[in-house]
Amino acid sequence: MTKNTEKHGIIHFVPVLDQKSAQQFADQVISLSKLWVTRDKYFHTFGAVSYLEAFNEKGVLPFNQLGAYHSHRELINPVFQRHFSKLYTELINALSNHFGIRCEIPKELAHPGFHIFGATESEGQMEQSFIDAFKGDSWSHLHVDIQYLAHLPFWDQFKQIDFSNPLTFTMSLELPDAGSSLRYWHSIESANEAHSFNYRPIEERKNMIGHENSAKYSPGVLTYFIGHLIHQIPATNPLLVTDRRITLQGHGIK
């Protein structure tokens with residue numbers, strides 16, 4: 001799905017939806033909040049998530065231990081098709097046109113899903129006490145994306161697989177009032193080194209990152225990069241009780 005000619009560590013922006021359409025899809029995500037999985041206080045995912053369901057504290061799970069991931073996928077993929085088929089069509093058309101090659105979402109893996117920071121529909125808004133007590137400057141740890149390592153039996157059907165140029169994309173649907181962005185550093189060349197980076201103590205990772213860069217998100221705009229880019233989600237400041245950050249997240253392999 002990705003071009004070898006693209007440089008690692010470069011952030012790209014591809015307009016897909018206008019702001020009104022992006023908000024309509026965000027509202028649809030919110031209306032289905034009973035199907036979200038709450039991972040932490042005011043952090044939810046919607047859809048099967050490889051990095052949470054196909055990995056543990058030591059690394060990638062053996063393929064015969066992915067029952068929970070695939071059960072989740074089989075339940076939610078049809079829900080996504082019913083409610084977000086237009087969104088996936090827009091996404092695939094944008095990627096295919098941008099790269100000049102056919103892109104597709106395989107049914108054997110989870111459809112690109114959603115990350116939600118904020119309150120569910122029934123909660124209405126976040127508690128001010130949570131915002132006041134929040135510590136740190138990010139919503140996630142320093143990491144690189146290696147989700148494809150969990151799905152080797154799927155890739156085995158193809159004659160040629162390019163694991164050295166994985167694609168990671170985020171499309172924002174709703175952002176906090178103060179906005180949101182991607183904080184990123186340099187790219188790690190090999191998959192083995194990328195996997196090792198994720199499981200080092202956090203202080204070791206901080207000592208490896210060097211100069212920080214930032215890319216601003218915009219609703220309806222697909223933001224992507226090629227390679228094993230070190231990145232994280234910076235915290236929103238100021239954060240309002242009514243804020244939500246809803247993004248469509250996905251990955252690709254050529």
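## Exercises on strand S8 and its surroundings

In this structure, strands S8 and S11 run antiparallel and are joined by four bridges. The model is a predicted one.

**Exercise 1.** Determine the order of the strands in the open sheet that contains S8, and state which strands lie at its edges.

*Solution.* Step 1: the sheet consists of three strands, and their order is S9-S8-S11 with antiparallel pairing. Step 2: S9 (213-216) and S11 each pair on one side only, and these two are the edge strands. Step 3: direction ignored, neighbouring strands of the sheet are turned by 40 degrees against each other on average. Step 4: at the level of residues, serine 187 has leucine 229 in S11 as its bridge partner.

**Exercise 2.** Identify the buried residues of helix H6 (residues 191-198) and explain why they line one face of the helix.

*Solution.* Step 1: with buried taken as under 20% relative accessible area, the buried residues of H6 are Ala194, Phe197 and Asn198. Step 2: in a view down the axis of H6, these residues fall within an arc of 95 degrees, and therefore they line one face. Step 3: an α-helix has 3.6 residues a turn, so residues three or four places apart point the same way. Step 4: the packing partners of the buried residues of H6 are strand S8 (181-188), helix H7 (202-206) and strand S11 (228-232).

**Exercise 3.** Establish which elements give two or more residues to the lining of the second largest pocket.

*Solution.* Step 1: the volume of this pocket is about 170 Å³. Step 2: its lining residues include Arg183, Trp185, Ile202, Lys206 and Gln232. Step 3: the elements that contribute two or more residues to the lining are S8 and H7.

Note on methods:
Residues are numbered from 1 along each chain as its sequence is written. This is a predicted model: local features need pLDDT of at least 70, side-chain atom pairs count only at pLDDT 80 or more; totals for chains, interfaces and linings use all residues. Side-chain values use heavy atoms; hydrogens and water are left out. Buried means under 20% relative accessible area, exposed over 50%, partly exposed in between (1.4 Å probe, protein chains only). The arc is that of the directions from the helix axis to the C-beta atoms. Contact means heavy atoms within 4.5 Å. Two strands pair if DSSP finds at least two bridges between them. Axes are lines fitted to C-alpha atoms, for helices over the stretch in contact, and angles run from 0 to 180 degrees between N-to-C directions. On a 1 Å grid over the protein atoms alone, a cavity is a set of points where a 1.4 Å probe fits but cannot get out, and a pocket is an open set with protein on both sides within 12 Å along at least five of seven lines; lining residues have an atom within 4 Å of a point. Grid points are joined across faces, edges and corners, and a volume is the space filled by probe spheres set on the points.
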